[in-house]
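Here's a quick briefing to read with the model open in your viewer. We'll start with a pair of helices and then go through the sheets.

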Amino acid sequence: MAGLGSQELYRMVLDSLPVAVCAVDREGKVILWNDGAERVTGFLRQDVLGRLCSEAFLEHADAGNNPLEGSAIPLLETMRDGKCLTVRASLRKKSGQSVGVHVRTVPLRADDGRMQGAAELFEEIIARTPTDRRHDKLAVAGAMDQLTGILNHSMILAHLQEALSLHKVYPVPFCALCISIDEVAKIRERFGQAAVDATLQVVAQTLQSALRPTDFLGRWQEQEFLAVLTECNESDASKVGERLHKMTQRAHVNWWGDTWSVTISIGATQAHDMDTAGGIVSRAEEALRKSSDSGGNQVVVVTH
């Protein structure tokens with residue numbers, strides 16, 4: 001450590017921490033952004049330093065996916081109240097997808113007690129800790145969709161059939177959701193198929209991160225996803241659908257200097273006694289058509 005100045009030492013310590021650290025001054029401008037923050041968000045120091053934390057580049061939202069704006073931003077709330085906060089929130093990565101994070105904020109005070117700014121520590125919520133190993137095994141077995149990184153058609157169908165077989169023995173409710181991206185044709189017309197593929201990737205990964213470890217998501221058709229929600233009734237499915245809807249709206253697609261957000265249409269239905277895979281998917285797709293025909297950007301649940 002010989003020859004290191006205090007600032008260099010502080011930087012080394014901060015960059016060695018396994019969590020993301022951000023600090024702002026009294027005006028709310030970012031003055032510190034460590035390696036962990038770069039890893040979690042994808043934004044480099046030069047992208048962030050000097051910017052106001054109230055800018056929309058991270059788009060914080062609360063646990064209900066309601067945008068946190070103005071004084072409701074954790075760092076600004078801590079500076080206003082002078083109190084530490086521990087909250088669960090979500091933010092948007094530079095790649096566009098929205099991810100859940102645990103956020104802890106602390107006020108930064110001078111020796112005389114005056115507020116100098118605030119610091120925020122945040123960690124990405126990894127909902128599925130065994131995912132990487134499982135993903136590798138499924139990829140080797142040919143069960144993953146290469147474009148989106150989620151289950152392919154055959155594998156999500158297998159999970160649906162397994163859920164139906166289990167339902168006949170133990171009638172615990174479960175639901176199927178058909179999900180499509182709105183106005184894909186406009187994206188293709190303006191930017192081409194490669195941009196559509198990028199949009200599918202962002203949406204698939206955002207949906208995946210918003211589901212529980214016990215749920216399954218797969219690419220059902222070229223531009224349609226199928227989710228199997230275990231231990232879930234119609235009321236639950238509607239709430240899950242709204243959560244997916246909000247999370248996707250907050251995600252952004254970055255494409256050669258252009259950035260856009262997308263909306264999704266969702267059709268949901270609960271499994272019936274003696275249901276078949278074709279029957280439950282048909283009802284979910286009927287609900288999806290109703291959503292799309294009504295202008296999209298909504299969740300529709302059908303019962304029959």
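How do the axes of helix H8 and H9 cross? In this predicted model, the axes of H8 (residues 193-210) and H9 come within 9 Å and cross at roughly 135°. That makes H8 oblique to H9. The rest is grouped below by topic.

**The H8 and H9 pair**
- H8 goes past H9 in a right-handed crossing.
- On the H8 side, the contact is made by Val-203, Thr-206, Leu-207, Ser-209 and Ala-210. On the H9 side, Arg-243, Leu-244, Met-247 and Thr-248 do the job.
- Sorted by character, the residues of this H8 with H9 contact come out as 5 nonpolar, 3 polar and 1 charged.

**The antiparallel sheet**
- One open sheet has 5 strands in the order S2-S1-S5-S4-S3, and its pairing is antiparallel.
- Its edge strands are S2 (30-33) and S3 (85-92), each of which pairs on one side only.
- Going from one strand to the next, the twist averages 30°.
- Helix H4 (residues 74-81) packs on this sheet and touches S1, S3, S4 (98-109) and S5 (115-124). The direction of H4 makes about 145° with that of S5.

**Who pairs with whom in that sheet**
- S1 (residues 20-25) and S2 pair in the antiparallel sense, with 3 bridges. Look for Val-24, whose bridge partner in S2 is Val-30.
- S1 also pairs with S5, again in the antiparallel sense, over 6 bridges. Here Asp-25 stands opposite Gly-117 in S5.
- S4 and S5 are antiparallel too, and 9 bridges link them. Val-106 has Ala-119 in S5 as its bridge partner.
- S4 and S5 form a hairpin, with 5 residues between the two strands. Check Gly-113 in the turn, which has a positive phi of about 90°.

**The mixed sheet**
- Another open sheet of 5 strands runs in the order S7-S8-S6-S11-S12, and here the pairing is mixed.
- S7 (216-221) and S12 (299-302) stand at the edges with a single partner strand each, so one side of each is left without a neighbour in the sheet.
- The twist in this sheet averages 20° from one strand to the next.
- S6 (residues 175-181) and S11 (residues 264-270) pair in the antiparallel sense over 7 bridges. Within that pairing, Ile-181 stands opposite Ile-264 in S11.

**Where H9 sits on the strands**
- Which strands of the mixed sheet does H9 lie across? They are S6, S8 (224-229), S11 and S12, and H9 runs at about 165° to S11.
- H9 (residues 234-250) also lies across S3 and S4, running at about 65° to S3. S3 and S4 belong to the antiparallel sheet, while S6, S8, S11 and S12 belong to the mixed one.

**Salt bridges**
- Side chains of opposite charge can pair when their charged atoms come close.
- How many salt bridges does a search of the whole structure find? The search turns up 14.
- Glu-124 and Lys-93 form a salt bridge through their side chains, at 3.6 Å from N to O. Glu-124 lies in S5 and Lys-93 in the loop between S3 and S4, so this pair ties together parts that are 31 residues apart in sequence.

Key: Residues numbered from 1 in each chain as written. Predicted model: local features only at pLDDT ≥ 70, side-chain atom pairs only at ≥ 80, totals over all residues. Heavy atoms only, no water. Pairing = 2+ DSSP bridges. Helix = DSSP H or I, 4+ residues; strand = E, 2+ residues; numbered from the N terminus. Axes fitted to C-alpha atoms, helices over the stretch in contact; angles between N-to-C directions. Contact = heavy atoms within 4.5 Å. Parallel < 35°, antiparallel > 145°, perpendicular 65-115°, else oblique. Left-handed = near helix turned anticlockwise from the far one by under 90°. Nonpolar A, V, L, I, M, F, W, Y, C, P; charged D, E, K, R; others polar. Salt bridge = Lys/Arg side-chain N within 4 Å of Asp/Glu carboxyl O.
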